[in-house]
Amino acid sequence: MVSCGADRARDSYSHRFCSLQTRMKFENILEEINGFGPFQILLIILLCSPRIVLPCHFLLNIFIGAVPPHHCDISGLDDGDLFTNLTREQRLVVSVPLRDDGAPKSCEMFTEPRFHLLSNGSGAELPAVPCQSGWVYDNSTFTSTLATEWDLVCDRKSLTKATSTIFFLGVMMGAITTGFLCDKYGRRNVLLASYIMALVFGFSSAFANSYVLFAILRFLTGFGLTGIGINSLVLTIEWVDTDHRSFIGVMGSLSWSVGNMLLAAFAYLVNDWRNLIMVVTAPLGFAILTWWWIPESARWLLVNGKVEKAQFYLDKCAKFNNRPKVSTKFKLQTLCDVENSEEQNKSYSYVHLIKTPKMRQLTLITGIVWYGVASTYYGISLNIGGFGLNMYLTHFIYAAIEVPAKLMVYCFLNIIGRRKCQSGTLLLTGICIAINIFLPKDLWHLRTVVAILGKGLSEAAFTTVFLYTSELYPTVLRQNGLGYTNFVSRLGVAVAPLILLLEDVWTLLPQIIICSVAVVSGLASLLLPETLRVKLPETIEEVEERSQKK
């Protein structure tokens, strides 16, 4: 009995020693095999390239949901030669009442031609009825959209915006589900499932023959796309050394801006909504073909007791980077750690995000920050007026504005740290909104400059929060943490349009709310620990221990 007890004590001590040794040496092993060599660069290219699909789908509704100018189909009013001999403009005058600006009303028509309107009167007081035979659309800008396909105008016009809401509901559900599955079954396998799901349902939505079917397929497409966004970021961060994590975060974010600019080009060249969906979904085919090379996260493999696979990928990285393979000594230390670890067979879920004191605090604060970042970014994006240009060029300019903001934040991330960057970008965003609240509308040039600056800063906040969050959560819960924060951010996205509707109550109310959200979330981020040049935590215990030391 004594011997057995002594053995257990010795094993327990050995486990703690080996676990400590392994956790402390993983970053050293990355340095040994080159934590930022050709292996990591190729990984960045293969994982960031498919990410251009994300903004193309997230903002796709701007183009496929566009409602072109339209009026009632008046062909049913043709009562003979007199109507037939009229020009198109004259037919509209006698068949459709006019708006105050002189354009034909979109949703009303006369029951019969009013020929006397050709000589006098606007017909404003004449009885009109809703469109009886459908609508005629102006196809000069779009060959077809969701509105023209299923007549989503007039009483049904809200359904075009509903498709965007349904899509983001899929993104929200995907964030929660993907986060759990990735921490349980690995990043690589779930990434492949996300690629396939987004590709299949994305292409299928282009062939939908009803609005209901299209909405369902968009929900499933959003569900799949979430896994791509979360997995690609985490995989790259977990394979690079500490000094290059900020570079990875910014590069992943730049791929969003590139995709955003490409969306404007794709939409300009492809005016049919079905073809446009297929064009923006097609790059996922390349992603599936290159998936076989994507490695699993060695950190995740070690934490989950898959020593041989971890050794395989570490050796693969070393060979690709022209470095010697990982030493046998390290392999045995890792094996000792994993085989004796109590974490090996432990299953983690979202409940673990709130089980311990410091994790509860981390979960609460990151939720507040993510909600603030998303609500502020989309609130500003939806509320900035155009530059008097066509919608394609305006969209391209809005996307291009984000690039210098991201390059700027890359410089500051390694100088002043993540926490100050996160807080600073959010607080400065709030200040920009506050300035525009007090600037008179006559100074529209200055208001535009301030608004664009605010949008750039809000995008810088988004770039920072992805990197910052992935460094805060431990490996065993990193995907769950990102899944939870992505879910909260989509709530912010869904609420942003509703906030803008409050301008009917008071014109300045939306700006005041968005400004307040930016300031509160910016102050909340100051409560988070700094992660600049800090090794990634592997377990919940490390998060608790680090917080106690601070």
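**Chatting through loops, helices and a cavity**

User: Hi! Where is Arg533 found?

Analyst: Arg533 is found in the loop between α22 (509-525) and α23 (540-549). One thing to keep in mind as we go: this is a predicted model.

User: Thanks, good to know. Is Arg533 buried or exposed?

Analyst: Arg533 counts as exposed, because its relative accessibility is 52% and the cut-off for exposed is over 50%.

User: And what is phi of Arg533 near?

Analyst: Phi of Arg533 is near 60°, which is a positive value in a residue other than glycine. For context, most residues other than glycine have a negative phi.

User: Which value is phi of Asp151 near?

Analyst: Asp151 has a phi near 50°, again a positive value in a residue other than glycine. You'll find Asp151 in the loop between α7 (146-150) and α8 (158-185).

User: Buried, partly exposed or exposed, for Asp151?

Analyst: Asp151 is partly exposed, with a relative accessible area of 27%.

User: Let's switch to helices. At what angle do α9 and α10 pack?

Analyst: Helix α9 (residues 187-205) and helix α10 (residues 211-238) pack at an angle of about 150°, and their axes are 8 Å apart. So α9 is roughly antiparallel to α10, because angles over 145 degrees count that way.

User: Is the crossing of α9 and α10 left-handed or right-handed?

Analyst: The crossing of α9 and α10 is left-handed.

User: What kinds of residues make up the contact of α9 with α10?

Analyst: In the contact of α9 with α10 there are 14 nonpolar residues, along with eight polar and three charged ones.

User: How do α11 and α18 pack?

Analyst: The angle between α11 and α18 is about 170°, and their axes lie 9 Å apart. That makes α11 roughly antiparallel to α18. Their contact has 18 nonpolar, five polar and two charged residues.

User: Any residues I could click on in those two helices?

Analyst: Sure, try Ala400, which is found in helix α18 (residues 391-413). Ala400 is partly exposed, with a relative accessible area of 27%. The C-alpha atoms of Ala400 and Met261 are separated by 6.7 Å, while the two residues are 139 residues apart along the chain.

User: And in α11?

Analyst: Asn260 lies in helix α11. Asn260 is buried, with a relative accessible area of 4%. From Asn260 to Leu60 there are 200 residues in sequence, and the C-alpha to C-alpha separation in space is 9.6 Å.

User: New topic! How many cavities of 30 Å³ or more does the structure hold?

Analyst: The structure holds four cavities of 30 Å³ or more. About 300 Å³ of space lies in the largest one.

User: Which residues lie nearest the centre of the largest cavity?

Analyst: Arg51, Trp256, Phe462, Phe466 and Arg490 lie nearest its centre, out of 21 residues that line the largest cavity. By class, this lining has 11 nonpolar, seven polar and three charged residues.

User: Which elements give two or more residues to that lining?

Analyst: For the largest cavity, those elements are α3 (53-58), α10, α11 (245-269), α17 (357-383), α20 (444-472) and α21 (478-500). Of these, α10 gives the most, with five residues. You met α10 earlier as the partner that packs with α9.

User: A couple of quick ones before I go. Where does Leu301 lie?

Analyst: Leu301 lies in helix α14 (residues 298-303). Leu301 is buried, with a relative accessible area of 2%. Leu301 and Gly186 are 7.9 Å apart in space, C-alpha to C-alpha, and 115 residues apart in sequence.

User: And Ser95, buried or exposed?

Analyst: Ser95 counts as buried, because its relative accessibility is 0% and the cut-off for buried is under 20%. Ser95 lies in helix α6 (residues 88-95).

User: How far apart in space are Ser95 and Leu117?

Analyst: Ser95 and Leu117 are 9.3 Å apart, C-alpha to C-alpha, with their positions 22 residues apart in sequence.

Note on methods: Residues numbered from 1 in each chain as written. Predicted model: local features only at pLDDT ≥ 70, side-chain atom pairs only at ≥ 80, totals over all residues. Heavy atoms only, no water. Axes fitted to C-alpha atoms, helices over the stretch in contact; angles between N-to-C directions. Helix = DSSP H or I, 4+ residues; strand = E, 2+ residues; numbered from the N terminus. Parallel < 35°, antiparallel > 145°, perpendicular 65-115°, else oblique. Left-handed = near helix turned anticlockwise from the far one by under 90°. Nonpolar A, V, L, I, M, F, W, Y, C, P; charged D, E, K, R; others polar. 1 Å grid on protein atoms, 1.4 Å probe; cavity = no way out; pocket = protein on both sides within 12 Å on 5 of 7 lines; lining within 4 Å. Points joined across faces, edges and corners; volume = space filled by probe spheres on them. Buried < 20%, exposed > 50% of the residue type's maximum accessible area, 1.4 Å probe, protein only.
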